[in-house]
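Hi,

Here is the structure I said I would pass on. Have a look at it first, and then read my notes underneath.

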Amino acid sequence: MKFATKAIHAGIEPDPSTGAIMTPIFQTSTFAQPTVGQNKGFEYARSSNPTRQTLEKSFAALEEAKHGFAFSSGMAAIDTVMKLLKPNDEVICGQDIYGGSYRLFVKVYEEIGIKFHFIDMQDEEVVKNTLNSQTKMIWIETPSNPLLQIVDIEKMITIAKENNLISVVDNTFATPYLQNPIIMGADIAMHSATKYLGGHSDVVMGALMLNDDKLAERIYFIQKSCGAVPSPFDCFLVLRGIKTLHLRVDASCRNATKIADFLVNHEKVENVYFAGLKTHKGHELAKKQMRQFGGMISFDLKNDTQENASIFLENTKIFVLAESLGGVESLACYPAMMTHASIPVEKRHEIGITDSLIRLSVGCEDVDDLIEDLEEALTKVTLQK
Ligand code: P1T
């Protein structure tokens with residue numbers, strides 16, 4: 001099946017009991033058992049639920065993986081992956097990653113003895129030099145949040161395979177429509193399904209997709225034992241969202257490309273981070289490993305102050321100031337105090353999250369309206385300190 005057909009149909013069968021085309025919301029916590037030791041495939045909804053099972057099949061199909069798992073948030077999915085590790089294990093990961101992932105790694109998992117190396121994963125040599133006998137996992141987020149850096153997935157997978165490491169790709173920004181880490185050889189693809197998979201900013205959910213049966217067995221064991229599972233209603237919403245994933249991502253990518261061109265040529269804008277720009281460090285690599293460049297753009301201002309960023313963010317009318325991304329509606333975010341507030345200020349500055357950095361999640365509205373909105377907000381922004 002081609003992607004659009006998969007997004008609409010994969011894993012989804014008419015309900016056997018009624019013929020309902022749309023997967024019913026099985027709002028039940030438990031399932032009747034005719035006698036001890038017998039059931040119809042479901043016992044208790046933390047272990048398994050028909051609505052979630054259908055969504056998990058759809059997740060697997062989207063990444064062309066054998067197994068899919070749904071969690072109550074993206075962070076719960078990441079937490080599950082980290083539970084594959086033991087104290088004294090070490091993880092290599094990018095220095096530009098979602099602030100919540102950084103917080104989980106440093107404030108929860110470092111506390112229990114797992115070490116994280118936050119490095120520039122755009123440089124293969126830096127990655128190789130960070131390896132040691134304790135390294136067990138390589139965590140790849142590409143494009144990265146919020147600077148849209150591109151990491152070479154194939155090169156990272158080669159390093160992982162040579163050194164017997166688990167390779168994980170947080171594929172949230174790209175979506176399975178634009179980039180498929182499992183096909184490229186990664187062990188695990190991870191998504192915050194809250195974003196493009198859900199697509200309508202009305203649900204929080206996470207996903208893991210993988211091929212290896214033994215790894216899947218362990219992930220399933222952690223999922224049911226720790227219990228961070230999504231509700232049947234949320235599963236229904238994401239099943240519904242996935243049906244239009246390709247249409248929404250196409251529209252966002254089209255709009256983002258035009259908006260990046262507009263921002264690059266604006267006198268008050270300093271840097272524009274968008275892999276679709278020929279000047280972007282990861283442009284050629286993104287062309288190779290992604291089908292389009294995605295719907296996320298970050299930029300900062302010539303007059304690089306928080307006050308100036310606030311002026312911009314207070315003056316957009318269509319772009320709403322909010323955390324999150326990947327919905328049909330455009331959002332603007334101020335990483336320094338929102339998504340990446342848990343990263344110490346010196347570290348933020350060091351990696352390029354400046355005081356005026358603004359991140360846009362470009363939605364599916366008319367692009368002329370979006371550009372006009374940005375233009376008007378930028379007229380309010382000051383050029384000099
Ligand atoms: O929010 P949650 O569904 O738990 O997903 C966490 C997560 C994981 N990975 C990436 C790349 C993410 O961007 C996120 C969540 N990000 C935001 C809420 C944000 O505004 O960036």
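Below is what I found in two places, one helix and one loop residue. Keep in mind that this is a predicted model.

Helix α8

Let's start with α8, which covers residues 213-226. With 14 residues at 1.5 Å each, the helix should span 20 Å, and its end C-alpha atoms are indeed 20 Å apart, so the two agree. Leu215, Ala216, Ile219, Ile222 and Gln223 are its buried residues. Looking down the helix axis, you'll see these buried residues fall within an arc of 125°, so they line one face of α8. The elements covering them include α2 (50-62), α3 (74-82) and the strands β1 (67-71), β6 (188-192) and β7 (206-210). Turn to the other side of α8 and you'll find Lys214 and Glu217 exposed.

The two ends are worth a click as well. At the start of α8, Asp212 has a side-chain oxygen that comes within 3.1 Å of the backbone nitrogen of Lys214. Just after the helix, Gly227 has a positive phi of about 85°.

Asn145

Now for the loop. Asn145 lies between β4 (135-141) and α6 (153-162). Is this loop residue buried or exposed? Its relative accessible area is 3%, under the 20% cut-off, so Asn145 counts as buried. Its side chain makes a polar contact of 2.8 Å with the side chain of Arg359. Leaving aside residues up to four places away in sequence, Asn145 touches Arg359 along with Asp96, Ile97, Tyr98, Phe173 and His340.

Cheers

Conventions: Residues are numbered from 1 along each chain as its sequence is written. This is a predicted model: local features need pLDDT of at least 70, side-chain atom pairs count only at pLDDT 80 or more; totals for chains, interfaces and linings use all residues. Side-chain values use heavy atoms; hydrogens and water are left out. Helices (H or I, at least four residues) and strands (E, at least two) are DSSP runs, numbered from the N terminus. Buried means under 20% relative accessible area, exposed over 50%, partly exposed in between (1.4 Å probe, protein chains only). A polar contact is a pair of N or O atoms within 3.5 Å; within protein, one must be able to donate a hydrogen and the other to accept it, and residues adjacent in sequence count only if both atoms are side-chain atoms. Contact means heavy atoms within 4.5 Å. The expected span of a helix is 1.5 Å times one less than its number of residues. The arc is that of the directions from the helix axis to the C-beta atoms.
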